[in-house]
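Me: I'm new to this one and would like to walk through it with you. Could you take my questions one at a time?

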Amino acid sequence: MTVLRGRRAPQRGPEAAGARAASGPVAAPTARWSLAERLDAWLGDPDDDAGPLGYADAAREDAAERFPSAACAALDELGVQHYYVPAQYGGTLTGLPQLLELVRTLARRDLTTAVGHGKTFLGAVCIWVAEQGAGAARLADLVRAGEPVSLGLTERAHGSDLMAGEVVAERVPDGYRITGEKWLINNATRGRLVCLLARTAPEGGPRGFSLLLVDKAELPPGTYRTLPKVPTLGIRGADISGIAFQGAPVGRDRLVGREGEGPETVLKALQITRSLCTALSLGAADHGLRLAHGFAAERELYGRRMLELPQVRRTLSECYADLLAAEALSTVAARSIHTLPGELSVTSAVAKYLVPTMVDRTLLRLRGVLGARAFLSDHHAHGRFQKLERDHRIVGIFDGNTMVNLYALTAQFRTLARRFAAPDGAVGWEADTFSLTRPLPDLRPDRLSLLARHGSALMASLPASAAALERAAAGDVRLLPAARAAGTLTVACRELHARMGAARLLPGGAPVESFDLARGYSACFAAACALGLWRYNAAGGAGGAVSPLWLHAVLDRLSSGLEEAVPGSTGPLPRPWGVEEEAREPLYERLLERMAAQYAAGELFSLLPCRTAEGPPC
C-alpha cells in the first residue's frame, strides 16, 4: 500500500512547479497548495484518456450512471484514504486543511469520484469525534485498507429530522439487535461499514439515540439487505441507495461513544464535514471557470474573440473574485477546526451555506458565457459543463441543506450579537488561524460545542483587521480602495449585529427577516476571513509587498452580496457599497489579467500557487 506523501512525484509535479515564477496573489513566500500539486501530478493530465481520473472516463461513467470504481481504486492505490484517518490512529491526517486540498483536487476533475471516495471520511468522522480507543483503531485499519464507510442518518419518512428516526437498536444481553431502514445513504451498498444512528430508548428524545458501527461482513445472512440505487440528476454514478435491517445482531463493543450520545456526536461531526464540504464547491468553480475562460479565449463572436467583449470579461473576473472569496472563507474555516473548535457551530454553518450558494451562482453565470455548449452532453469537451453543473447542485444538500445552516445561525443571533459588541478578549488564536505558514495545534474533538457560547472570535476580528488595513493604507495608496470597502463593511456589520440582537425567534421558528440577516452575516463573516488572511500573510505583515487587488475585489463582491441579502426592515444599511461603478472597470480588468496569467501558467485559480497537471510543460 502506497501512502500519497511517500511517493516521488514525476517531473511535472511540485518540483517542476516550484521552478516557475507564477504565484498566487496572497501567498507568503512558502505558502502553497503542495499536497494538491502532488496528487494532481500523480493523477496526470485529465484530458489524457489514459489517466485514472480523466474527463472522458468521467463522462462515460456518468452517461452509464455507473460508479467510478476504477478511479476510486486508483486513489486507494495512491493511499488517499490514509488521509481520512487521523495520525493518532495510524493514518496520515495531521490537519483538516489537508482534506480541503485533496477533495478540492478530486472535485476539480470529477465530483462523483470526489463524493464517492471522500464519503468514507464522513462515515468515519463520528468515531474520531467520539475518540473511541479500540474501536477507532480497528476502523482505522479497515479504512487504510480501502474499505468504504457510510453514515446512516436519514430515513425515507423523516429526512434530516434525526429525532424522528424509527430504526431501532434493541438491547439484548450481548449487545443490540437492529431493525429498520435507512434511505438516501451514500455508499450504503458499496460500503462494508455503516456508522448508524439508531433509537436505543423507546421514548426517543435527545438521549434516546446512539451510534453503532455496523460491519456488514459480520452480520448473519438474512439480517440485512441493501436497497436499490436511487437515480439522481447529478452525481449519477454515486451509490445513493439505502439499507434495511431485520434483527441484525451487533456487539456492545460496536457502540460509538456512550449510549444516548448519538445525536450530539453526529452534530459535532457534521460541524467538521460541513466546513470541509466547501472543497467540493471550490473544485467545481475552478473547473467551470477554466472551461468558460478557455472557450471565451478561442471563440469568435461578432468579428472578435468572446474574451474581448466587455460583458464576458466582467462576468469571468467577477466569478474569479467570488471563487477567491469562497477559498478565503473555506481555508480559514478548515484551520479554525483546530484553533477555534468551540465556535464551529457558527463557522461551519456560514461556510456550508455561503460557498455552495456562491458557486451555484457562479456556474449559472458561466453557463451564459458558454451558451448552447453548456447543455451539450457529448460534443463539447466531453459534456463537462452540463455534468459539472448537475453534479454541484447536490453539494448544497450534503450534511445539512441551505435552510438548515441558515437556521443554525438564527438560533444563535442573541449570543453572536452580544459577543460582537463585547468580545471576550480571547488571544493567541489569530496567527494560528490566519497565517498559512504556521503549524496547526492538534485537533481537540472534546472542545467542539453544539453552540458558540462565546460568540464568534472570527467575526469579531473584522473591525481590528479593517483598522489595520486603514493604517497600512496611510503609507500605501494601493490599499486605499480595499480599506474603504473594509470600512464600509465594518459599519454595515455593526448595524447587522444590532438587528440580530433585536430579532426574536417565533414559536414556529425564525421569521423570514432572520434568514435575510443570516445571509448578510455570512457575507460579513467571509469578509473577516479575507481580511485576516491579508493581515497575516502579506509580506512584512502589512500588505506592502503584495498586490491588494484580490482583497479589493473580494470585499467588493461580498459587499454586493450583503446589499442583496439585507433589504433593511428598519432602514437601509450604510452605503455606498464596495466600489463606485466607474472604479469597477479597472479593478476587474486587472483581476482578469491575474486570472489569465494563472490559466496560461497552468495553475489553479487560487490565492496560493498550485500547479495543475494539465498545464503547459515546464
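Me: Leaving out residues up to four places away in sequence, which residues does E389 touch?
Reply: Keep in mind that this is a predicted model. E389 is found in helix α11, which covers residues 384-392. Once residues up to four places away in sequence are set aside, its contacts are L363, L364 and R367.

Me: With which side chain does the side chain of E389 make a polar contact?
Reply: R367 is among the residues that E389 touches. The two side chains make a polar contact at 2.8 Å, so the partner you're after is R367.

Me: Is E389 buried or exposed?
Reply: Buried means under 20% relative accessible area. E389 comes in at 9%, so the word for E389 is buried.

Me: How far apart in space are E389 and G234, C-alpha to C-alpha?
Reply: Along the sequence, 155 residues separate E389 and G234. In space, going from C-alpha to C-alpha, the distance is 8.0 Å.

Me: Let's step back to the whole protein. What percentage of its residues count as buried?
Reply: The secondary structure comes to 20 helices and 10 strands. The protein has 618 residues, and the share of them that counts as buried is 61%.

Me: And what share of the contacts with a separation of 6 or more is between residues 24 or more positions apart?
Reply: Here we look just at contacts with a separation of 6 or more. Among those, residues 24 or more positions apart account for 79%.

Me: What part of the exposed area do carbon and sulfur atoms supply?
Reply: The protein exposes about 23,200 Å². Carbon and sulfur atoms supply 53%.

Me: On to the rings. What kind of aromatic pair do Y89 and W128 form?
Reply: The structure holds six aromatic pairs. For Y89 and W128, the centres are 5.2 Å apart and the planes are at 25°. Planes under 30 degrees apart count as stacked, so this pair is stacked.

Me: How many residues apart in sequence are the parts that Y89 and W128 tie together?
Reply: Y89 lies in the loop between α4 and α5, while W128 is in helix α6. Both residues are buried. Because they sit in those two places, their pair ties together parts whose separation in sequence is 39 residues.

Me: What kind of pair do the rings of Y521 and F525 make?
Reply: Y521 and F525 are both buried, and they are four residues apart in helix α18, so about one helical turn separates them. Their ring centres are 6.2 Å apart and their planes are at 40°, so the pair is tilted.

Me: Which residue has its charged end over the ring of F398?
Reply: Rings can have charges over them here, and R384 is one example, lying over the face of Y55 at 3.7 Å from the ring centre. In the case of F398, the charged end sits 4.7 Å from the ring centre and belongs to K119.

Me: Which residue's side chain is joined to that of T339 by a polar contact?
Reply: T339 lies in helix α9 and counts as buried at 15% relative accessibility. Beyond its neighbours within four places in sequence, T339 is in contact with D432, T433, L440 and P441. The polar contact between side chains is 2.6 Å and links T339 to T433.

Me: What is the phi of I235 near?
Reply: I235 sits in the loop between β6 and β7 and is buried, with a relative accessible area of 0%. Its phi is positive even though the residue is something other than glycine, with a value near 35°.

Me: And about what is the phi of D399?
Reply: D399 is found in the loop between α11 and α12, and it is buried, with a relative accessible area of 12%. D399 is not a glycine, yet its phi is positive, at about 55°.

Me: How many residues of helix α2 are buried?
Reply: Helix α2 covers residues 34-43 and is mostly covered. The buried residues include L35, W42 and L43. Of the 10 residues in α2, the buried ones number nine.

Me: Last one: which residue with a positive phi follows α2?
Reply: Just after α2, phi takes a positive value near 85°. The residue there is G44.

Methods. Residues are numbered from 1 along each chain as its sequence is written. This is a predicted model: local features need pLDDT of at least 70, side-chain atom pairs count only at pLDDT 80 or more; totals for chains, interfaces and linings use all residues. Side-chain values use heavy atoms; hydrogens and water are left out. Buried means under 20% relative accessible area, exposed over 50%, partly exposed in between (1.4 Å probe, protein chains only). Contact means heavy atoms within 4.5 Å. A polar contact is a pair of N or O atoms within 3.5 Å; within protein, one must be able to donate a hydrogen and the other to accept it, and residues adjacent in sequence count only if both atoms are side-chain atoms. Rings of Phe, Tyr and Trp (its six-membered ring) pair if their centres lie within 6.5 Å; planes under 30 degrees apart count as stacked, over 60 as edge-to-face and the rest as tilted. A charge sits over a ring if NZ of Lys or CZ of Arg is within 6 Å of the ring centre and within 35 degrees of the ring normal. Accessible areas come from the Shrake-Rupley method with a 1.4 Å probe; for residues, only the protein chains shown count as cover.
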